[in-house]
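Student: Hi! Could you walk me through this structure? I'm new to this, so plain words please.
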Amino acid sequence: MTAPVLALSAVTRRFGEIEVLHGVDLALQAGEVHALIGENGAGKSTIMKILGGFLQPTTGQVLLDGEPAAYRSGPAAEAAGIVVIHQEFNLVPDLSVAANIFLGREITRGPRLDHKAMADAAAALLARLDTPIRPGALIRDLSVPDRQMVEIAKALSRRARVLIMDEPSAALTRREVESLYAQVDRLRAEGVALLFCSHRLDEVARLADRITVLRDGSVVGRAVRGEMTEDGMATAMVGRELSDIFPAKAASFGDELLRVDHLNVAGAVPVRDATLTLRHGEVLGIAGLVGSGRTELAEAIAGLRRSDGRISVRGAPTQIGSPADAARAGIAYLTEDRKEAGLLLDKPLTQNLTLAALGSFGFRIDAAREAAAMADATRDFDIRAASPDMQAGSLSGGNQQKLLLAKTMLTEPRIVIIDEPTRGIDVGTKQQIYRFVRSLAAEGRGVIVISSELPEVMGLADRVLVMRQGRIAGEVAGDAITEENIVRLAMGVAGGAGGAGSTRQDETRKEPA
Amino acid sequence: MTRRIDFHLLGPLVALIGLFILGALLNPAFLAPANLSNVLARSAFIGLIAVGMTFVITQGGLDLSVGSMAAFLAGAMIMVMNWLAPITGENWSTILIGMAAALLGGVLAGWVNGALVTKARIEAFIVTLGTMGIFRSLVTWLADGGTLSLDSGLRGLYRPVYFSGIGWITWPIIVFAAVAILGEWLMRHTRFGRHVEAIGSNDRVARYSAVDVERVRLQTYVLLGALVGLATILYVPRLGSASGSTGVLWELEAIAAVIIGGTALKGGRGRVWGTVVGVLILSLIDNILNLADIVSPYLNGAIQGIIIVLAVVLQREKRPAEV
């Protein structure tokens, strides 16, 4: 084996009193893809930050080409050829794609920026990534997946020797994921050492030549390609067998709880003529590609977007023109964007928990009752936090999601709409969240789950609506909930196969969009 | 960790106490009740406005128009009372109507600012830059470029509202203290205050939490307008007149006090008691420079400027491991 390009040797890291890494060894080889997997809080981010120069080890060493690394900052690491793509984008919204790619390393001709050279180089990079993004487009006008592609293009332009990616595919559509994988393969062939974190185990199996499993700050497993199945990875991460990740589905449902008739929603992805029903005790899944109008539909029902059409709750027509209207009707919406729309990251946990339900804490906010509510939520939703006074932003992703769930449930909604319930969350916490969702339904509430992860929709929902281009393309229930049926509807391939359950194709699908 | 946070919270208070001791050492007259009363009463105008400004800034807004608004309200109030005096007489009912007019005018002016920001969706800076010019020009026009003076009989009746009180604790000081306590309570312990902080921290999160973002924003401007009206009510009996130069730069003093007190200019974190401390710091500097002969009082502005910048530097959150 050749010497590793970049390695950690017996690295520990402490934050105050707490040691979060215990003597980690890790070696990245040129021309190899290395996956780092583990639950939230296992220490993956800390390792990435140490490799990328953003943090220093407390003891142990970072070795670059076998020598102790000299860089002590992100930019210095980048100069040494080590580039990190963070999960949070590092792009300037008001500058163009080309300007972002060359930010800090602008191509100039004399004192003047060489706009054409930069645009051409950016175009070449984007073409390599097989994405239609224009170099002149402003970042603020791009979708989240497009921004991710720009980040990757930016990293490519830096001629990285070591490329470190944190959840690179989390925000990408299926097609973009494929082009990301192609890029990873190409970079590997060029001799770049790659390290990535992912919660998608199929992706790890597909990409990784070498896998390191972390649990609670220690390496608990190492494998090379083919040695570890996806089940094996999950077991190693969690430290126990994960037999049934999804709870049992409901046997029967109550009366109709929510009815949406011919709802139209204006927007970038207009929703047209959406009709759906939800019964007490039911988990309704909404599947479809990113950009098929799922979130727009949910936000309209939650009063966050203007819509026309009829919404009835328990048979009574209900006007929903604002989030407050929706709250009064007992409808709560858990956003997919928990960092920007779900939680106040710079505020304590308690203030986040009670924000949506403050009305029930008296005109003078009763601090004792707030503290009690926080204690209850911490217990009921298993929120792992050092203190209720810590900032929500310093919780791990899984615990943030549990806090968001607790916050939403504090308003005691009858109808809960959850958008991407487990995005960026580890396997163990996913299982917990699935149990919470099912128990909400078991209490007689109606739950709508929107998800891009098909196994999640299939495992969780009693009935699945599939959206395509702003319309409800069809519905599957019972044994007809199969990947094939859902994908057919989502992609607009006619002739969804029937099964023991039912498949319904919406006639409106055939009208021109 | 805890020590750093304590310093953040208590820094302005420590500075205030330091200034107080400095003042006492430099000139014994500083501690005389008459002097302290004077300092506090003069602080009350800016103080009342700054308490309201704390709410506006905390929700992520700004109001540049308050100084001009105060001048306009003072002018309008004087005109109302002068016009009423022959009808209702030189008595307290006339003054009460004038007070009501100032308060109502403040509420209305605040509503206009707030509505332009929330309903017409124009940036607060632009809106209040515009209304700042409008109010200033209106009062100059009402005074025809000169000074509007209150009817002399009414002035005699009204004077004690500024100059007397309970012992040396005059009415402006009492009102300022009451508003400060109420403001702190409103910010810290009510849904309104919590919503104001939430909106300033991230208005999208607030909206998604079924907070009526627009209404709460509008309410902060109305509250500020009402407090400008209240400040005007206390200001008019001091000189009994208003002109185009009344309340000049009050908006900047109020904003400075809010910032010195530890409220974040970008919103999300509001400290009413900090604002009160900020107001007192600014007034004490002015007073000490006037009493002591070390530094020319003409340098007052420069020293206040240094304090503002220093306060923000000291309160800046330490960034995590960023190089």
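Student: How far apart are the mean positions of the positive and negative charges of chain B?

Tutor: In chain B they are 8 Å apart, taken over 22 positive and 17 negative charges. Keep in mind that this is a predicted model.

Student: OK, and what about the charges in chain A, how many of each are there?

Tutor: Chain A carries 60 positive and 66 negative side chains. The centres of those two sets lie 3 Å apart.

Student: Let's stay with chain A. How many helices and strands does chain A have?

Tutor: Chain A has 17 helices and 23 strands. For chain B, the count is 14 helices and four strands.

Student: Why would someone say that the radius of gyration of chain A agrees with a compact globule?

Tutor: A compact globule of 513 residues would have a radius of gyration near 24 Å, and chain A has 24 Å, so the two agree. Chain B works out in a similar way: with 323 residues the expected value is near 20 Å, and chain B has 20 Å, which agrees.

Student: What box do the C-alpha atoms of chain A fill?

Tutor: Roughly 70 × 55 × 50 Å along the principal axes. The C-alpha trace of chain B spans about 70 × 55 × 35 Å along its own principal axes.

Student: What share of the residues in chain A is buried?

Tutor: In chain A, 52% of the 513 residues are buried. In chain B, buried residues make up 51% of the 323 residues.

Student: And the surface? How much of the accessible surface of chain B belongs to carbon and sulfur atoms?

Tutor: For chain B, 69% of about 14600 Å² belongs to carbon and sulfur atoms. For chain A, the total is about 21700 Å², with 51% belonging to those atoms.

Student: New topic: contacts. What percentage of contacts in chain B between residues at least 6 apart join residues at least 24 apart?

Tutor: That comes to 78% in chain B. In chain A, residues 24 or more positions apart account for 67% of the contacts with a separation of 6 or more.

Student: Can we zoom in on some side chains? How many aromatic pairs are there over all chains?

Tutor: There are twelve aromatic pairs over all chains. One of them is B:Phe45 with B:Tyr162, a stacked pair with 5.9 Å centre to centre and 25° between the planes. The pair links distant parts of the chain, since B:Phe45 sits in helix H2 (residues 33-58) and B:Tyr162 in helix H7 (residues 160-163) of chain B, 117 residues apart.

Student: Are B:Phe45 and B:Tyr162 buried or exposed?

Tutor: Both B:Phe45 and B:Tyr162 are buried. They also belong to one aromatic cluster together with B:Phe163, B:Tyr235 and B:Trp250.

Student: Back to chain A. Where is A:Lys402?

Tutor: A:Lys402 is in helix H14 (residues 397-409) of chain A.

Student: Why does A:Lys402 count as buried?

Tutor: Its relative accessibility is 3%, so A:Lys402 counts as buried, the cut-off being under 20%. Leaving aside neighbours within four places in sequence, A:Lys402 contacts A:Phe381, A:Asp382, A:Ile383, A:Thr429 and A:Gln432.

Student: How many residues of helix H9 in chain A are buried?

Tutor: Eight of its eight residues, so helix H9 (residues 294-301) is mostly covered. Among them are A:Arg294, A:Glu296 and A:Glu299. After H9(A) comes A:Gly303, whose phi is positive, near 80°.

Student: Which way does phi usually go, positive or negative?

Tutor: Most residues other than glycine have a negative phi. A:Asp65 is not a glycine, yet has a positive phi of about 50°. A:Asp65 lies in the loop between strand E4 (59-64) and strand E5 (67-68) of chain A, and is partly exposed, with a relative accessible area of 45%.

Student: What is the phi of B:Ala210?

Tutor: B:Ala210 has a positive phi of about 65°, although it is not a glycine. You'll find B:Ala210 in the loop between helix H10 (203-208) and helix H11 (213-239) of chain B. B:Ala210 is partly exposed, with a relative accessible area of 28%.

Definitions and conventions: Residues are numbered from 1 along each chain as its sequence is written. Chains are lettered from A and ligands numbered from 1 in the order in which they are written. Side-chain values use heavy atoms; hydrogens and water are left out. Helices (H or I, at least four residues) and strands (E, at least two) are DSSP runs, numbered from the N terminus. The radius of gyration is taken over C-alpha atoms; the globule rule is 2.2 Å times the number of residues to the power 0.38. Buried means under 20% relative accessible area, exposed over 50%, partly exposed in between (1.4 Å probe, protein chains only). Contact means heavy atoms within 4.5 Å. Accessible areas come from the Shrake-Rupley method with a 1.4 Å probe; for residues, only the protein chains shown count as cover. Lys and Arg count as positive and Asp and Glu as negative; His and the chain ends are not counted. The place of a charge is taken as NZ of Lys, CZ of Arg, CG of Asp or CD of Glu. Rings of Phe, Tyr and Trp (its six-membered ring) pair if their centres lie within 6.5 Å; planes under 30 degrees apart count as stacked, over 60 as edge-to-face and the rest as tilted.
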